[in-house]
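Colleague: I would like to look closely at a single part of this protein, and I would be glad if you could take me through it with care.

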Amino acid sequence: MAGMSIRVSAIQLAVADMARSLAFYRRLGLDIPASADTEPHVHIELPGGIMMAWDTEETIRSFDPEWQRGTGHPVVLQVQVESRDEVDVVYKDMVAAGYTGHKEPWDAFWGMRYSKLRDPDGNDVDLCSPFD
């Protein structure tokens, strides 16, 4: 494997309800076409060239029949906003829209303003500011 070059190319989430999941990520600011709500697989390119993808549980089982949703929260997505104050604004907006807030904004010891949401499939989505 010496000399081999790798890069993370995509983040893929398994979703129970495509439209519900995409509505959450649109509210966070991702540009996802409305027509994607009825698709079994959706992907978009994020700034920086990483792909974000969503697959329905049925799609995943079509090529991996033994697949089962895990327990706990093995996936954590970190979403950076432009300022410390914006962490609070986005968190409050998402909770007011009916999404699950897991931990209200706080000043983290590592130098970021931080908070935790849960997407409709139970994945942790952390909102953070740039480092001070």
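Colleague: Before we turn to the first helix, H1, and the core it contributes to, what percentage of the contacts in the chain between residues at least 6 apart in sequence join residues at least 24 apart?

Modeller: The share is 52% of the contacts between residues at least 6 apart in sequence, and please keep in mind throughout that this is a predicted model. The chain has three helices and seven strands, which follow one another from the N terminus in the order β-α-β-β-α-β-α-β-β-β, and of its 132 residues 38% count as buried.

Helix H1 spans residues 18-28. At its start, a side-chain oxygen of Asp 17 comes to within 3.2 Å of the backbone nitrogen of Ala 19, while just after the helix Gly 29 adopts a positive phi of about 120 degrees. Between these two points, the buried residues of H1 are Met 18, Ser 21, Leu 22, Phe 24, Tyr 25 and Leu 28. Viewed down the axis of H1, these buried residues fall within an arc of 150 degrees, and therefore they line one face of the helix.

In soluble globular proteins, nonpolar side chains tend to be buried together. Here the largest nonpolar core has 24 residues, and Phe 24, Tyr 25 and Leu 28 are among those with the most contacts inside it, a group that also includes Ile 32, Met 52, Trp 54 and Leu 117. Two or more residues of this core come from each of strand E1 (10-15), helix H1, strand E2 (41-45), strand E3 (51-56), helix H3 (84-96) and strand E7 (124-128), with H1 giving the largest share, five residues.

To see how one core residue brings these parts together, take Met 52: leaving aside residues up to four places away in sequence, Met 52 touches Tyr 25, and also Ile 11, Leu 13, Val 42, His 43, Ile 44, Leu 46 and Leu 77.

Strand E7, which is also among the elements contributing to the core, holds a charged residue, Asp 126, that deserves a separate word. Asp 126 is buried, with a relative accessible area of 4%, and its side chain makes polar contacts with the side chains of Tyr 114, at 3.0 Å, and Lys 116, at 2.8 Å. Beyond four places in sequence, the residues that Asp 126 touches are Val 76, Leu 77, Gln 78, Val 79, Tyr 114, Ser 115 and Lys 116, and Leu 77 is also on the list of residues touched by Met 52.

Conventions
Residues are numbered from 1 along each chain as its sequence is written. This is a predicted model: local features need pLDDT of at least 70, side-chain atom pairs count only at pLDDT 80 or more; totals for chains, interfaces and linings use all residues. Side-chain values use heavy atoms; hydrogens and water are left out. A nonpolar core is a set of buried Ala, Val, Leu, Ile, Met, Phe, Trp, Tyr and Cys residues joined through side-chain atoms within 4.5 Å. Buried means under 20% relative accessible area, exposed over 50%, partly exposed in between (1.4 Å probe, protein chains only). Helices (H or I, at least four residues) and strands (E, at least two) are DSSP runs, numbered from the N terminus. Contact means heavy atoms within 4.5 Å. The arc is that of the directions from the helix axis to the C-beta atoms. A polar contact is a pair of N or O atoms within 3.5 Å; within protein, one must be able to donate a hydrogen and the other to accept it, and residues adjacent in sequence count only if both atoms are side-chain atoms.
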